[in-house]
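Student: I have a new protein model open, and I do not know where to begin. Can you walk me through how to read it?

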Amino acid sequence: MLKEYDCWLQERKVTAKIKVPEVIYAQKGGEVCATAVRELSSGINRLLGFVPKVQKKADLKNSGVFLEFDSYLKPESFSISITENQILICAADDNGLLYGVFRFLFLLAQGKITHGLQINETPASPLRMINHWDNFDGTIERGYAGGSLFYKDGNFDFDNKRIEDYARLLASTGINRLSINNVNVRANAKLLITEKYLREAAKLAAIFRRYGIRLFISINFGAPWSLGKLETADPLDERVFAWWKERASIIYKYIPDLAGFLVKADSEGEPGPFQYERTHADGANMLAKAVKPFGGEIVWRCFVYNCQQDWRDHSFDRARAAYDHFMPLDGAFLENVILQIKFGPYDFQVREPVTPLFGALLKTRHVMELQITQEYTGHQIDLCFLPHVWQDIARFDIVNNENTERKFRIMDLIGKYKEGLSNIEGFASVVNVGLDNNWTGHTLAQANLYGYGRLTWNPQLSAKEIAQEWCALSFGEGETAKKIEDILLNSYPAYEKYNAPFGVCFMVTPNSHYGPNIEGYEFSRWGTYHRADANAIGIDRTPSGTGYTEQYSNENAAIFRDASRCPENLILFFHRLRYDFKMKNGNTLLQNIYDTHFEGYDETFKMAEDWKSLKDSLQKEVYESVLSRFEMQLINAKEWRDQINTYFFRKTGIPDNKNRKIFP
């Protein structure tokens with residue numbers, strides 16, 4: 001029976017294809033190594049039903065499971081070797097040993113541990129980070145799975161056992177960094193860097209530390225005046241640097257291995273260096289100097305744009321903002337600054353292009369920001385398997401103009417910054433967990449959390465491979481897992497079809513971002529417009545329009561600026577097209593809008609029916625909770641279908657050529 005709380009670490013007895021020895025021989029290591037030993041012992045017990053003995057000293061001629069250190073392996077990597085009477089898990093460090101143990105247990109649960117098996121794995125991404133948008137009052141910005149794991153009523157409030165279980169889940173997929181508070185640092189959260197709260201923060205850090213996870217703290221750039229006694233936060237003011245230097249020394253006294261600070265500055269009302277006519281390099285570097293003596297790093301978000309736009313001004317294009325702000329600063333940041341860049345130029349939309357900063361920044365460390373929590377993809381009500389789109393992002397071709405004879409995909413560049421190919425060091429993502437018993441609100445949304453960890457470890461994995469793994473670990477091998485895998489893999493395409501058409505973006509309800517509101521942002525200050533009229537829709541981002549296409553490398557710009565070559569799932573992001581524009585299937589743009597929205601609803605209906613067919617093979621609680629989500633999703637998908645189709649029918653007066661019901 002599936003225990004939702006256990007996610008992919010289910011207690012399920014399996015039949016091993018080899019005889020697993022009943023003794024674990026473990027070399028002495030640190031506390032993460034001790035965690036690896038405990039996880040191996042308890043994992044064997046939950047899967048095979050016996051508790052192995054643990055011994056320190058061993059002769060390699062003995063039968064046993066050996067946990068060994070090997071200095072020839074790379075940091076955090078591991079190897080697994082299976083012989084007739086031995087299982088050898090090796091790593092260069094404690095973290096690698098823990099990851100190797102979890103991979104062994106995953107393979108054991110899937111029946112893939114066999115004699116002669118040899119595995120060597122190194123994480124592609126040095127930085128594999130989770131961002132929490134948890135607030136001190138216990139709410140979570142864009143949280144759809146209950147309250148915060150960490151806070152309540154303006155104070156730390158957490159259950160040690162639950163935090164440990166959460167750390168297990170994250171470490172099992174290779175996560176090694178975690179920020180514990182919202183990037184919008186307001187109210188009591190500003191005091192997190194004071195001694196009033198650092199003692200409790202240190203307790204939290206101690207739990208995650210045992211699982212190889214180091215914490216980041218989100219800070220408010222204006223803290224020297226909003227928290228301290230200075231009248232300024234000017235990064236070039238020596239008093240400001242001295243304030244942060246002293247503050248860092250206090251923080252690191254409580255959390256010596258703090259990974260550093262996460263910063264959102266000059267964005268959506270947050271203070272930043274622009275207030276003082278300074279650059280973002282000035283702001284980030286000042287903080288970087290303050291934390292450098294302690295081994296700390298600054299993760300600096302590039303989500304910076306004018307959120308006070310006049311919708312009447314067609315010359316302004318929010319999509320250009322990140323590149324315009326940060327590309328001129330390439331090489332200006334200190335070594336311990338990492339830029340955190342959203343995967344697209346907008347804001348985690350269902351479909352938007354990969355931002356041109358990736359592949360362009362060659363002198364600055366940076367990571368790609370994704371969003372596990374389903375802000376624009378259904379609030380963990382609508383099923384939406386996000387590795388489907390993440391795989392597309394990872395496979396995006398980068399052609400840098402300085403090296404045009406070679407073409408790279410993003411997934412081939414992750415972690416290759418020291419080879420001079422790119423400075424993409426990994427990933428960060430806004431997480432989807434809360435206090436709900438199943439962690440993620442929608443039980444099947446656990447697959448997105450699992451999938452993010454696996455993708456950051458190995459961006460070469462496909463959505464199908466990730467779905468297969470998660471379903472097998474969560475539901476066991478068999479027909480039930482296969483059907484759920486098919487439902488997962490069909491979910492993203494269905495959601496995209498009934499959402500905003502062909503990359504147009506932001507047809508959502510303002511503020512909540514759930515459900516359709518086609519012109520909800522059309523006259524707003526946020527700079528996200530589609531400008532539909534009776535004849536055409538979309539924004540011209542070619543050289544004849546805003547010129548956004550020219551931020552890409554020559555080869556990609558040539559593709560995006562040409563409507564006949566532009567990927568059709570992005571065509572309205574880059575082009576303003578008439579409704580009678582002929583698409584590749586021979587139908588008009590308008591007819592394709594009608595067709596995809598009918599198809600999206602129909603495919604969602606089929607997913608719900610497929611889920612109903614599993615009623616007798618699933619635990620009642622799991623079956624009914626997911627079914628209730630499908631029932632809500634069908635209502636949402638119907639609203640999307642009918643509102644979008646009616647909107648364009650009213651705009652154009654052109655009917656559906658298949659005579660399906662469109663409400664006038």
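The dialogue below goes from the whole chain to single residues.

Tutor: Keep one thing in mind from the start. This is a predicted model.

Student: How many helices and strands does the protein chain have?

Tutor: Count 17 helices and 20 strands. The radius of gyration is 25 Å, close to the 26 Å that the globule rule gives for 664 residues, so the chain is as compact as a globular protein of that length. Along its principal axes, the C-alpha trace spans about 80 × 65 × 55 Å.

Student: What share of the residues is buried?

Tutor: Buried means under 20% relative accessible area. By that cut-off, 62% of the 664 residues count as buried. The chain exposes about 25000 Å². Carbon and sulfur atoms supply 49% of that area.

Student: What do contacts say about residues 24 or more positions apart?

Tutor: Take the contacts with a separation of 6 or more. Residues 24 or more positions apart account for 71% of them.

Student: And how are the charges placed?

Tutor: Compare the mean positions of the two signs. The chain has 79 positive and 84 negative charges, and their mean positions are 2 Å apart.

Student: Which residues have the most contacts inside the largest nonpolar core?

Tutor: That core has 220 residues. Those with the most contacts inside it are Tyr166, Phe208, Trp244, Trp611 and Phe648. Helix 17, residues 620-652, gives the most to this core, with 11 residues. Now zoom in on Phe208. Beyond its sequence neighbours up to four places away, Phe208 touches several residues, including Phe150, Ile163, Tyr166 and Leu215.

Student: How do I read a single helix, such as helix 9?

Tutor: Start with the general idea. An α-helix has 3.6 residues a turn, so residues three or four places apart point the same way. Then check the cover. Helix 9, residues 387-394, is mostly covered, with 6 of its 8 residues buried. The buried ones are Pro387, Val389, Trp390, Gln391, Ile393 and Ala394. Their packing partners include strand 15 (366-371), helix 12 (463-475) and helix 13 (479-498).

Student: Is Ile338, in a strand, buried or exposed?

Tutor: Ile338 is found in strand 14, residues 337-342. Its relative accessible area is 0%, so Ile338 is buried. Leave aside the neighbours within four places in sequence. Ile338 is then in contact with residues including Leu127, Val299, Trp300 and His366. Phe294 lies 44 residues from Ile338 in sequence, and the two C-alpha atoms are 16 Å apart.

Student: Where is Gln27, and what does it touch?

Tutor: Gln27 sits in the loop between strand 1 (23-26) and helix 1 (31-48). Its relative accessibility is 29%, so Gln27 counts as partly exposed. Sequence distance and space distance can be read side by side here. Gln27 and Leu67 are 40 residues apart in sequence, and their C-alpha atoms are 6.3 Å apart in space. Leaving out residues up to four places away, Gln27 touches Cys33, Leu67, Glu68 and Phe69.

Student: Which backbone angle should I check in Glu268 and Trp439?

Tutor: Check phi. Glu268 has phi near 50 degrees, a positive value in a residue other than glycine. For Trp439, phi is near 75 degrees, again positive.

Student: Are these two buried or partly exposed?

Tutor: Glu268, in the loop between strand 12 (260-263) and helix 7 (280-291), counts as partly exposed at 27% relative accessibility. Trp439, in the loop between strand 18 (424-430) and helix 11 (446-457), is buried, with a relative accessible area of 1%.

Key. Residues numbered from 1 in each chain as written. Predicted model: local features only at pLDDT ≥ 70, side-chain atom pairs only at ≥ 80, totals over all residues. Heavy atoms only, no water. Helix = DSSP H or I, 4+ residues; strand = E, 2+ residues; numbered from the N terminus. Rg over C-alpha atoms; globule rule 2.2 N^0.38 Å. Buried < 20%, exposed > 50% of the residue type's maximum accessible area, 1.4 Å probe, protein only. Contact = heavy atoms within 4.5 Å. Areas by Shrake-Rupley, 256 points an atom, 1.4 Å probe, with all protein chains shown as cover. Lys, Arg positive; Asp, Glu negative; His and termini not counted. Charge placed at Lys NZ, Arg CZ, Asp CG, Glu CD. Core = buried A, V, L, I, M, F, W, Y, C linked by side-chain atoms within 4.5 Å.
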